[in-house]
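Work through the exercises below with the sequence and the model open. Each task is followed by a solution in steps.

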Amino acid sequence: MTPELVWFKRDLRVADHSPLMAAAKRGPVLCLYIYEPEVIAADDFSRRHLLFINDSLRDLDAALRERGARLLIRCGEAVSVLKALQEQTGFQRIRVHQETTNGVSFTRDRRVLDWAADANIEVVEYRQQGVMRKLPSRDGWAKQWQSFVTSPMVAAPRALEDASTSLASEKVQEPAAFGLEDDGLHERQTGGEAEGSRVLVEFLKARSRDYVGGLSAPGRAWESCSRISPYLAYGNLSIRAVYQRVVAKRRDLQRSRGQRDEWSKALAAYEERLAWHCHFIQKLEDEPAIEFQNMNRAFDGLRENAFNDDYFDAWKTGRTGYPMVDACMRALIATGWINFRMRAMLVSFAANHLWLHWRRPALHLARCFVDYEPGIHYSQIQMQSGTTGISAMRIYSPTKQAQDQDPEGHFIRRWVPELANVATDFIAEPQRMPLDVQAAANCEIGVDYPLPIVDHRTAYGAAKQRLHAVRKQAKISGESDRVFQRHGSRRRQSEREHWRGSSSPLRYRG
């Protein structure tokens, strides 16, 4: 019997995997992963991504072997690899999950579909997100998303008939094979379906109690946030499985502790975040160009000709003279993760205080985030940079964020050791220390730790004035209305007001 090919990409799991189960029901299966040099060489890819992928591949191979199959690994351009494998095995059908990812992968998928059509190979694509292809309108999107995440999950196949036993397979490729050098990562999450499931269980069992209270402060967020974002990004966990497990836990809590229990309310808030996860990916699905150009074209030319490389270098290395900005950037570089509010602050600071066009900062952050999800990434980058024209302006005060989210300075002192001996009264603004206090703290500002590279009030005022002028013009021209019709949330007004009053992802200002 001719085998069917299951092409794994950003869906590295066996549970709730529709392509795998559908192929398993038909007979012999080829389970394939391709290391693609063009994807790995892209500006948004880094060593830390490959390390997480490699963990996931080892875990996936083990899960497949438990079921009688294995993961076939090849390296090369996707069409070339698929064509050679088809000649070896004669497969006539490829089963694969839909993706909404970066431009390199989008172009790759088009090439594969064109080749398959010419070769009379059937390609069957399955949804794995609450994202819809060729969506005619945002109206009714929330109901469609809800229908998807509450639909029955697909069980992992109990047994697989392997069609790859006579085929050569590459080994898991280490970063050096692709010239990926050390990028400063010292602590990291381990990839894989088994590890992702463990982290989710741990969150639901205990850590989710403090979800709402701890999600904004970078020190507390390390534990109070779910930390499953990379497992969603690489498909170790499906959004449908996560949603249903969260709902089940919340309902158990409501039965045992009451409807008004704070823990169950925290999980209800988390359910909302899962909806926003797909809401933002849908934006890139609907308009792939936002990876490269302003969502609202009225903002074209606003920052493109004013890029300051010295500012950019200071920002991306954590040497801006603003302790909260620097601590967050250094933590991100070292661990591959930082909480949502601090991500927003980093982008806002680069775009508004330093007046940097968002594209290069976006690529730097993409390489830093182990959980880099292009749809969420570029949508959020543009929101925080003010280039959507339909969202409230979000210009953070780094000093206020330090005072609000790290009042004792523990997080800052951990990640900016130059400030380890600085008194709490000065930790958010060390440049205010008198010289004798600097000497006592063994921290000379301008030598051991930099002076602020821009003045907050001046930069804030200039950014606000420039953005307001363009927003007004965008509204008059109708460009902002176009963006809203294509990308805007269709929440009822009462729901929007509820979110603005909560600690939701929509309330970024600080």
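Contact means heavy atoms within 4.5 Å. The model is predicted.

**Exercise 1. A residue in helix 3**

Task: Find which residues Asn54 is in contact with, leaving aside its neighbours within four places in sequence.

Solution:
- Step 1. Locate Asn54, which lies in helix 3 (residues 47-66).
- Step 2. Judge its cover. Buried means under 20% relative accessible area; Asn54 has 1%, so it is buried.
- Step 3. List the partners. With neighbours within four places in sequence set aside, Asn54 is in contact with Tyr35, Val172, Gln173 and Glu174.

**Exercise 2. The overall chain**

Task: Describe the chain by its elements, its extent and its burial.

Solution:
- Step 1. Count the elements: the chain has 23 helices and six strands.
- Step 2. Compare the radius of gyration with the globule rule. The chain has 24 Å, close to the 24 Å that the rule gives for 510 residues, so it is as compact as a globular protein of that length.
- Step 3. Take the extent along the principal axes: the C-alpha atoms fill a box of roughly 80 × 55 × 50 Å.
- Step 4. Take the burial: 59% of the 510 residues are buried. The chain exposes about 21600 Å², and carbon and sulfur atoms supply 49% of that area.
- Step 5. Look at sequence separation. Among contacts between residues at least 6 apart in sequence, 79% join residues at least 24 apart.
- Step 6. Place the charges: the mean positions of the 73 positive and 64 negative charges are 6 Å apart.

**Exercise 3. Buried sides of two helices**

Task: For helix 18 and helix 22, state which residues are buried and how they are arranged around the axis.

Solution:
- Step 1. In helix 18 (residues 398-405), the buried residues are Pro398, Thr399, Gln401, Ala402 and Gln405. They cover an arc of only 165 degrees around the axis, which puts them on the same side of helix 18.
- Step 2. Recall the geometry: an α-helix has 3.6 residues a turn, so residues three or four places apart point the same way.
- Step 3. Name what the buried residues of helix 18 pack against: helix 9 (218-224), helix 14 (323-335), helix 15 (340-353), helix 19 (410-415) and helix 21.
- Step 4. In helix 22 (residues 479-487), Glu479, Ser480, Val483 and His487 are buried. Their arc is only 100 degrees around the axis, which puts them on the same side of helix 22.
- Step 5. Name the cover of these residues, which includes helix 12 (262-286) and helix 21.

**Exercise 4. A pair far apart in sequence**

Task: State what separates the C-alpha atoms of Phe340 and Pro218.

Solution:
- Step 1. Place Phe340 in helix 15; its relative accessible area of 31% makes it partly exposed.
- Step 2. Read the separation: Phe340 and Pro218 are 122 residues apart along the chain, and 8.8 Å separates their C-alpha atoms.

**Exercise 5. Positive phi values**

Task: What are the phi values of Lys134 and Asn442, and where do these residues lie?

Solution:
- Step 1. Start from the expectation: most residues other than glycine have a negative phi.
- Step 2. Lys134 has a positive phi, near 50 degrees. Its place is the loop between strand 5 (122-126) and helix 6 (141-149), and at 82% relative accessibility Lys134 counts as exposed.
- Step 3. Asn442 has a positive phi of about 55 degrees. Its place is the loop between helix 20 (435-441) and helix 21 (456-477), and Asn442 is exposed, with a relative accessible area of 60%.

Technical notes:
Residues numbered from 1 in each chain as written. Predicted model: local features only at pLDDT ≥ 70, side-chain atom pairs only at ≥ 80, totals over all residues. Heavy atoms only, no water. Helix = DSSP H or I, 4+ residues; strand = E, 2+ residues; numbered from the N terminus. Buried < 20%, exposed > 50% of the residue type's maximum accessible area, 1.4 Å probe, protein only. Rg over C-alpha atoms; globule rule 2.2 N^0.38 Å. Areas by Shrake-Rupley, 256 points an atom, 1.4 Å probe, with all protein chains shown as cover. Lys, Arg positive; Asp, Glu negative; His and termini not counted. Charge placed at Lys NZ, Arg CZ, Asp CG, Glu CD. Arc of directions from axis to C-beta.
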